[in-house]
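Got your viewer open and a selection box ready? Let's take a short walk through the charged side chains of this protein, one stop at a time.

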Amino acid sequence: MCGITARVGGDGSLEPLLSSLQNLEYRGYDSAGIAVQNGRGIEISKFEGEVSKLESELADRDHDGPIGIGHTRWSTHGPPTDANAHPHTGCQGRVAAVHNGIIENYTELREALQERGHEFTSDTDTEVIPHLVEERLADGLDPEAAFRDAIDQLEGSYAIAMIVDGEPTVYATRNGSPLVIGVGDDANYLASDVPAFLEFTDRVVYLEDDDVVALTDGDHRITDADGDPVSRPVDTVDWDPEDAEKGSYDHYMLKEIHEQPVALRQTLHGRIDGDDVALEEFPPGSFDDVDRVQFVACGTSYHAALYGEWLLSKDGVDATTYIASEYAASPAPVDEDTLVVGVTQSGETADTLEALESARERGARTLALTNVIGSTAARTCDDALFIRAGPEIGVAATKTFSSQVATLVLLAERLVRDITGSPTSDHADRLDALASLPEHVESITTDSRAADISQRCLGDNGHFFIGRGNAFPVALEGALKFKEITYGHAEGFAAGELKHGPLALVTPETPVIAIGTGHDEARLKSNVTESRTRGAPVIAIAPRTASDLADVAEEFLPVPATHPDLVAILANVQLQLIAYHAANAMERSIDKPRNLAKSVTVE
Ligand code: G6P
């Protein structure tokens with residue numbers, strides 16, 4: 001995590017760098033800093049806190065120049081302090097560097113540098129980089145050679161951007177952490193992600209691991225680890241810059257919840273053809289050789305993957321979901337007939353990339369189901385399927401979950417047909433309902449009582465989310481959303497599991513939120529009754545037609561009646577709204593919850 005950015009060219013870098021950092025804050029917001037070259041040497045400003053603090057501190061300073069780098073931090077090594085904020089410099093202040101990732105061998109590098117007389121001013125792993133470069137500059141190497149020499153000594157994952165006093169160039173590289181060039185008319189950009197510079201240019205160059213970039217006013221020169229020139233295509237991204245702005249909404253999260261109908265229309269556009277799917281990337285027969293499917297994912301994407309597993313299993317495909325951070329350490333058996341699907345919004349989550357790599361090394365076929373074209377997952381997997389949800393800025397994932405699950409419904413249809421030789425049961429009705437999903441979501445986002453109901457969820461004794469079948473992953477997701485942004489204790493359970501332990505925690509002070517889909521309704525009703533008997537206020541979310549649940553619950557939040565396989569996606573939208581309004585009432589930092597970041601590029 002952490003976001004890095006750089007800019008070369010034009011009149012002044014300060015404003016564009018600050019704007020880029022604001023767009024990268026979803027990657028971390030413990031501290032922010034910039035370094036600018038302006039003829040008086042390298043000037044650095046960096047502070048604990050959000051980019052807004054840096055911006056207000058810079059308001060009174062004459063601190064601008066044509067070349068600059070910037071950083072927004074999610075702390076790994078050392079607490080969030082001014083001293084640990086990036087950019088970091090060496091002893092002589094000749095070099096300033098920003099870094100995203102972890103330098104695993106920093107302790108030995110730091111000790112060796114200290115023995116050679118270097119003094120350190122931070123606790124970070126990053127600070128070894130400018131010291132190493134300055135040392136080689138002092139030996140007479142030119143900046144690019146000094147940079148290469150430094151990165152040759154690094155072990156771990158990193159994206160680094162660096163400036164050298166008096167040099168009109170930003171030097172940068174990546175290894176396991178994302179880095180993209182933005183090719184502008186008046187200036188060139190570098191950043192961890194495209195939204196950082198989308199307001200300035202939509203022309204991007206995705207870098208590969210070990211690429212070394214020399215970015216100047218009018219050029220971007222890319223070489224490989226040996227110094228040989230490499231050519232990378234300039235792509236045009238079709239994200240609208242306004243999609244990455246908050247507009248009239250109070251929070252990105254609320255905006256993104258309301259964007260779901262549009263996002264889903266994009267996800268589904270051209271992909272349903274009567275009672276079959278039309279996936280451009282995967283014509284019929286694409287998965288004839290596959291005999292089992294494994295999903296690897298983290299966080300919200302893990303819950304979407306569990307939904308995908310449920311869809312496949314119910315139609316006879318061998319499917320299992322793994323928490324990505326556990327997968328590489330105790331890998332499940334794979335062979336060439338195993339399809340390993342990495343579900344990852346960003347396509348950059350280190351745990352998911354490692355799991356995919358482990359599967360690939362052992363011979364499995366890999367597929368990235370992601371939102372980000374050009375992401376590492378999309379580029380390193382054998383295949384990619386894009387969810388087309390548009391940029392998501394709020395740290396708590398909302399619209400991307402809906403688009404992931406909708407994409408998994410499409411993928412499941414293709415997989416089931418190819419693997420079992422028959423379509424999914426009820427395929428025509430389900431695809432019909434899928435086509436109506438955007439309007440069903442819209443009816444919730446335009447008219448929901450979730451804001452009122454959320455006022456019942458402001459206590460601090462815990463909140464339990466329960467569901468069966470496809471509502472189970474949504475119960476997990478509802479609890480995750482709630483805890484992420486309210487900081488209240490919330491747990492999701494398979495409804496039938498409540499009586500096997502968690503019921504001990506259920507009291508009149510612990511709201512239970514039950515999600516009904518139409519599958520297994522009678523048994524869910526029993527679980528709700530068990531909770532009511534212990535005095536718990538139960539909020540049921542289910543189709544309007546589920547009168548049984550409405551009768552036993554204290555509150556009933558309806559969703560449109562649709563195919564039961566898809567109802568849980570609609571219920572999840574109500575859960576997003578409950579979490580949002582509860583967090584808003586508690587005045588939480590909704591778009592930037594404490595300790596979290598949207599894109600976690602460390603393991
Ligand atoms: C982080 C975010 C979560 C996200 C998870 C996986 O933990 O805070 O919201 O679900 O990463 O991210 P991915 O980009 O792989 O979907």
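## Stop 1: Arg174 and its partner

Select Arg174 to begin: this residue is buried, with a relative accessible area of 2%. Keep in mind as you go that the model is predicted. Now add Asp209 to the selection, and you will see its side chain meet that of Arg174 in a salt bridge, at 2.9 Å from N to O. The pair ties together distant parts of the chain, 35 residues apart: Arg174 sits in strand 8 (residues 170-175), while Asp209 lies in the loop between strand 11 (203-206) and strand 12 (212-216). Is Asp209 buried or partly exposed? Asp209 is partly exposed, because its relative accessible area is 34%.

## Stop 2: Glu208 and Arg379

Stay with the loop between strand 11 and strand 12 and pick Glu208, then Arg379 in helix 11 (residues 376-380); these two are 171 residues apart in the chain. They form a salt bridge, with the closest N and O atoms 2.9 Å apart. Colour both by accessibility: Glu208 has a relative value of 28% and so counts as partly exposed, and Arg379, at 27%, is partly exposed as well.

## Stop 3: a bridge between two strands

Next, select Asp383 and Arg365, whose side chains meet in a salt bridge of 3.3 Å, N to O. Asp383 belongs to strand 21 (residues 383-386) and Arg365 to strand 20 (residues 365-370), with their positions 18 residues apart. Asp383 is partly exposed, at 22% relative accessible area.

For a wider view, highlight residues 283-422, one of the two stretches that the unreviewed UniProt entry annotates as "domain: SIS"; the other is 453-593. Over 283-422 the chain is 41% helix and 20% strand, and the C-alpha atoms at its ends are 15 Å apart.

## Stop 4: a network

How many salt bridges does the model have? The count comes to 33. To see some of them joined up, select Arg449, Arg456, Arg532, Glu554 and Glu555, which are linked in a network of salt bridges.

## Stop 5: the negative patch

Finish at the surface by selecting Glu104, Glu108, Glu111, Glu115, Glu155, Glu354 and Glu603, which form a negative patch. Which helix gives the most to this patch? Helix 3 (residues 106-115) does, with three residues. Zoom in on Glu155 last: you will find it in the loop between helix 5 (143-152) and strand 7 (156-164). Its relative accessible area is 47%, so Glu155 is partly exposed.

Technical notes:
Residues are numbered from 1 along each chain as its sequence is written. This is a predicted model: local features need pLDDT of at least 70, side-chain atom pairs count only at pLDDT 80 or more; totals for chains, interfaces and linings use all residues. Side-chain values use heavy atoms; hydrogens and water are left out. Patches are made of residues with over 30% relative accessible area and no salt bridge: like charges are joined within 9 Å, nonpolar side chains (Val, Leu, Ile, Met, Phe, Trp, Tyr) within 5 Å. Accessible areas come from the Shrake-Rupley method with a 1.4 Å probe; for residues, only the protein chains shown count as cover. A salt bridge is a side-chain nitrogen of Lys or Arg within 4 Å of a carboxyl oxygen of Asp or Glu. Lys and Arg count as positive and Asp and Glu as negative; His and the chain ends are not counted. The place of a charge is taken as NZ of Lys, CZ of Arg, CG of Asp or CD of Glu. Helices (H or I, at least four residues) and strands (E, at least two) are DSSP runs, numbered from the N terminus. Buried means under 20% relative accessible area, exposed over 50%, partly exposed in between (1.4 Å probe, protein chains only). UniProt positions are given in the numbering used here, feature names are shortened, and annotations may be inferred rather than shown by experiment.
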